[in-house]
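Below is a short series of questions and answers for a reader who wants each term pinned down before it is used. Please look over the sequence and the model first.

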Amino acid sequence: MRYIFELVRKNLIMKKIGVAIVGGGPAGLQAAITLANKGIKPILFEEHSTIGEPIQCGEGLSVHAFKDFNLPKGEKSFCVKELDTCHLMFPENKTILGDIRATMIHRDKFDQYLSKKAIDLGAEIFTATKVTNLQRKTDGVEIKAKGESNSKYFAKLVILAEGPNVQLAKTLGFQTPSPMIKAFEYKVRGEWSDKLEFHFDSKKFPFGYSWVFPREGETNVGIVTTTKDRKQRLDNFLKKKGITGRILKKIGGQIPMHGPLKKLYHNRVLLVGDTAGMVNPIFYGGIRMAMTSGRIAGNTVVDILKTETDQASFNLKIYEEKLRQFKFMKRINFQCHRFFYTRSNKFLTKLGEVFDSKYINQIEGTEILKTLGKILLRPSLLTNPIGLYWLYRGFKVARDWGF
Ligand SMILES: Cc1cc2nc3c(=O)[nH]c(=O)nc-3n(C[C@H](O)[C@H](O)[C@H](O)COP(=O)(O)OP(=O)(O)OC[C@H]3O[C@@H](n4cnc5c(N)ncnc54)[C@H](O)[C@@H]3O)c2cc1C
């Protein structure tokens, strides 16, 4: 009797679906594109009424993402301009060059571009619909969603892409991506630079930096740091830089600080994007990693649903195994973060002297020996040689993966 009741409940009250995605940011949307492209049409739930809004982003997208995801270069709807020069500014006006290239985008339009692509391929996207509860059952996941009409769904698999404000993952017993670091940004009228700028200073921006990302007729100027007085510090930075343009918009948000979580799946649920801590812990950028994890989650689900017959125990481990092959998943990035952000300004200045006007992430062959020579002349840099190695490797990952 109980079995019959369960069956009726699932089929009549709950809508049965194959794959549900929670969250319409780059991670969830890329998962939807991947699934729909391979014939599995997911339902994606997004709590906001417009995809991409509100913007919580510096809007720099690694140029590598265009190739990875076959994005149209120069697409007018979301591309603003490409920046191929990057300055890493260290204390005492030392400027290190970074081989880091990015396209400035309209982040809202970019997410909307991904969403249109997913819909065109057959994904269903429910906006203004917040998933309020996920409950795992032996043969699937019950989903409660609150929106224009309150609904219940029953999915075989769920891809959880709820971003950094992790709520559902917590209720399912997942580790959450903590600690978080907070970012605050002004969109300022006028172009206040012609390159990407990252300003490092362990006193002014502990565990983070200030950035200047020029756009067309405006500039995104922001700060990411662990201190609470971010606004004050950003105002001081603007003053020091002589940036006097009118503030057009203020935005803020939080970012996972320590990189990817250890466990990225459990029993019919896969974590992607910020929810899984997929952020570069050195520069705190995450769009490309979010999309990469979304794509791999999508591909894993396609393979599973097409090949596995035992519906009670899907082998989701493959998702984690495939993802861990990427450089941005390596622990060395976190080690680089820990080393770099605990150095004093004195150390950063010395490092600035070694690499002044040189690329920090393009040192190969004989340049390595020359650089080692310069380091040897500055013994205070040598207190932790392993840390220097982490720094070298971590910045190389940033070159290959973007910020
Ligand atoms: C100020 C700031 C600046 C940044 N600048 C950059 C940058 O320049 N370049 C870069 O690469 N990265 C940047 N990042 C990081 C980047 O924005 C994130 O890594 C990226 O957005 C992660 O994508 P995501 O899809 O995982 O999460 P999100 O983009 O956060 O998307 C999650 C979505 O899920 C929705 N959602 C959450 N809970 C529910 C629910 N229960 N039901 C339905 N929907 C739900 C949310 O509304 C949201 O739309 C920045 C972050 C911040 C805060």
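Buried means under 20% relative accessible area and exposed over 50%, with partly exposed in between (1.4 Å probe, protein chains only). This is a predicted model, in which local features need pLDDT of at least 70 and side-chain atom pairs count only at pLDDT 80 or more, while totals for chains, interfaces and linings use all residues. Residues are numbered from 1 along each chain as its sequence is written, and side-chain values use heavy atoms, with hydrogens and water left out.

Q: Within what arc do the buried residues of α4 fall, seen down its axis?
A: Helix α4 covers residues 107-121 (helices being DSSP runs of H or I with at least four residues, strands runs of E with at least two, numbered from the N terminus). Its buried residues are Arg 107, Asp 108, Phe 110, Asp 111, Leu 114, Ser 115 and Ala 118. They line one face of the helix, because the arc, taken from the directions from the helix axis to the C-beta atoms, is 165 degrees.

Q: Which residues are exposed on the other side of α4?
A: The buried residues of α4 are covered by elements including α2 (26-37), β7 (102-105) and α7 (287-307), where contact means heavy atoms within 4.5 Å. On the other side of α4, the exposed residues are Lys 116 and Asp 120.

Q: Which element gives the most residues to the largest nonpolar core?
A: A nonpolar core is a set of buried Ala, Val, Leu, Ile, Met, Phe, Trp, Tyr and Cys residues joined through side-chain atoms within 4.5 Å. The largest has 75 residues, and Phe 110, Leu 134, Ile 143, Val 158, Ile 159 and Leu 160 touch the most other members. The element that gives the most to this core, with 9 residues, is α7.

Q: How many of the 8 residues of strand β15 are buried?
A: Glu 218, Asn 220, Gly 222 and Val 224 point one way from β15, whereas Thr 219, Val 221, Ile 223 and Thr 225 point the other way, and all are buried. The strand is therefore largely enclosed by the rest of the structure, the count of buried residues being 8 of the 8.

Q: Which residue in β15 is the bridge partner of Lys 187?
A: Two strands pair if DSSP finds at least two bridges between them. Strand β12 (residues 180-189) runs antiparallel to β15 and is joined to it by 8 bridges, while β14 (residues 209-214) pairs with β15 in the antiparallel sense over 6 bridges. In β15, the bridge partner of Lys 187 is Asn 220.

Key:
The expected span of a helix is 1.5 Å times one less than its number of residues.
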